[in-house]
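Visitor: Show me the model, please. I would like to ask how each label is earned.

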Amino acid sequence: MGKDHTRARAVTAHGRRPLATMLALTTAGALLLTGCGGGDSSDHGRFSDRDGGTADLPAPAYSSGTTEGERNGVPDGEQSGEQQDDQGREIAPPPDYLSTFALDVDTASYGYARRTLADGRLPDPATVRPEEFVNSFRQDYERPDGNGFSVTVDGARTEDEDWSLVRVGLATRADEGDGERPPTALTFVIDVSGSMDEPGRLDLARDSLDVMTDRLRDDDSVALVTFSDEAETVLPMTRLGDHRGRVHDAIDSLEPEASTNLGAGVETGYATATEGLREGATNRVVLVSDALANTGDTDADTILERIADNRREHGITLFGLGVGSDYGDALMERLADKGDGHTTYVSDTEDAREVFCEELPRNIDLTARDAKAQVAFDPETVQQFRLIGYDNRQVADEDFRDDRVDGGEVGPGHTVTALYAVRTRPGGSGHLATASVRWLDPETRTPHEESGQLEAGSLDDDLWNSSDRFQVTAVAAYFADALRQGDNRWTRLPGSLPLPELRSRADELASDTGDRAVRELADAIERATGMRR
């Protein structure tokens, strides 16, 4: 089959299911009946061996507060399908050809890694999330006309025998511009603790908020909450219109104070957002902090439980914006994941203006709620696979269609990429994988699904002769993989390159694409290369 068949696209606004999807899902159901339980055992940091065994890859770390049951995708106190002996070794995992996860558009991990490298340090491997590296770069997927997703599946062979990289790309409709979205009600929750006095923290937030206030529409509303030892509503929900001066005055009054009671800030922020709730508008809390909580509740789950009713009843989502050279990555990421939102990180004025003036407006509107993806690999063709990243976004395979199970929220103009390392059977041909995405309409909560397929014969013969955007995806994933080395929980990905060679690939791609973001990736790899020597 020709190269055109490496891209499988399907678009829907009506939840139709192509025949291929139904066949794949029938196969998936049969596999589940054979004993696939709990979380997706194949994806917790190991390569899944389709002959019934597993290649030895230790499980990844989880943030504090995650129970053992949650790590395996089942309620605490219940057994998952993958059990352990009394020494903690995995025994007899069931055969499983499915990989299921909640969509994630976070990019904070990559932004923080760049900042750390620029400061002359290698990032802590625990803060490196490969999917956030991959999702930091523009993709060229076709887009649907309405709400929901298009699905693109393609792949290329690596230099490691029988190993390929398979890319599952999901795209939402193009951003139609500021005038087409519904009005928004944004509650900014600003950290004014002493640690925010460092240059590049509160000063960055003030300048960016001023710019964004001028760019929001007259029918948008803004509230402002600050927190240090305690939380305070500085500005109740205010329709911009003729009141921009009042908003600017509140922003300009922000000054650093004492300790960091982040829990009080989030709780007060949600209370303020609820009090100023606007029907027919997008209601969102925007948390700006270094997330170095040291007073009051400092556990993400405890904080989220205190605002659970506001989140569930009113659908108020959380956008986390991280700042600072010292940054509470794990806390901010868990808050956003469990708060039906996502996180990003800014290190300088250019980053901040891009986030506040470009990225945040794109996240005001929603095109999909509780979006989940499931990839079904063909056992006749695939021997092993590993999902690269999404370690804390795993969903139990049988929960793919359980709409009570939390997924990801995605807005217009977004792409989501999942990259797999896949080992094909020698001589394997025919169907390789079917990728499906399920989401709820943001207004009606009606479920929809769409899918795309990949044939083994459609894999590009050489990764480094594939499309530029596929190569950028691979370089980003390999870079994240390299930064996690030295931590024995991880082994290298198939086809990975030494950092000097990876830097050369990134340099070439930066020149070929003319993409500033790819040039920044090449610069980050160069910094890391010098530190690894």
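**Salt bridges and what they tie**

Guide: This is a predicted model. Start with Arg-519 and Asp-507, which form a salt bridge with their closest N and O atoms 3.0 Å apart.

Visitor: Why is the contact of Arg-519 with Asp-507 called a salt bridge?

Guide: The closest N and O atoms are 3.0 Å apart. The cut-off is within 4 Å, between a side-chain nitrogen of Lys or Arg and a carboxyl oxygen of Asp or Glu, so the name applies.

Visitor: What does the pair of Arg-519 and Asp-507 tie together?

Guide: Arg-519 lies in helix H14 and Asp-507 in helix H13, so the salt bridge ties together parts twelve residues apart in sequence.

Visitor: Are Arg-519 and Asp-507 buried or partly exposed, and how do you know?

Guide: Arg-519 has a relative accessible area of 32%, and Asp-507 has 28%. Buried means under 20% and exposed over 50%, so values in between are called partly exposed. Arg-519 is therefore partly exposed, and so is Asp-507.

Visitor: What makes Arg-469 and Asp-515 a salt bridge?

Guide: Their side chains meet at 3.0 Å, N to O. That satisfies the limit of within 4 Å, so the pair counts. Arg-469 lies in helix H12 (residues 468–483) and Asp-515 in the loop between helix H13 (499–513) and helix H14 (516–532), so parts 46 residues apart in sequence are tied together.

Visitor: Why are Arg-469 and Asp-515 called buried?

Guide: Arg-469 has a relative accessible area of 6%. Asp-515 has 14%. The cut-off for buried is under 20%, so the label fits Arg-469 and Asp-515.

Visitor: How many salt bridges does the structure hold?

Guide: The structure holds 25. One of them joins the side chains of Arg-129 and Glu-333 at 3.7 Å, N to O. Arg-129 lies in the loop between helix H3 (108–118) and helix H4 (130–134), and Glu-333 in helix H10 (residues 329–338), so this pair ties together parts 204 residues apart in sequence. Both residues, Arg-129 and Glu-333, are buried.

**Backbone and strands**

Visitor: What makes Asp-370 stand out by its phi?

Guide: Its phi is near 50 degrees, a positive value, and Asp-370 is not a glycine. Asp-370 is found in strand S13. With a relative accessible area of 13%, against a cut-off of under 20%, Asp-370 is therefore buried.

Visitor: How do you know that Tyr-390 is buried?

Guide: Tyr-390 has 0% relative accessibility, so it is under the 20% cut-off. Tyr-390 also has a positive phi of about 60 degrees, although it is not a glycine. Tyr-390 is found in the loop between strand S14 (382–387) and strand S15 (408–410).

Visitor: Why is strand S4 called mostly covered?

Guide: Five of the five residues of S4 (residues 98–102) are buried. Leu-98, Thr-100 and Ala-102 point one way, and Ser-99 and Phe-101 the other way.

Visitor: What makes S4 and S13 a pair?

Guide: The cut-off is at least two bridges, and S4 and S13 (residues 368–377) have five, so they pair. The sense is antiparallel. Phe-101 has Ala-373 as its bridge partner in S13.

How values were computed. Residues numbered from 1 in each chain as written. Predicted model: local features only at pLDDT ≥ 70, side-chain atom pairs only at ≥ 80, totals over all residues. Heavy atoms only, no water. Buried < 20%, exposed > 50% of the residue type's maximum accessible area, 1.4 Å probe, protein only. Helix = DSSP H or I, 4+ residues; strand = E, 2+ residues; numbered from the N terminus.
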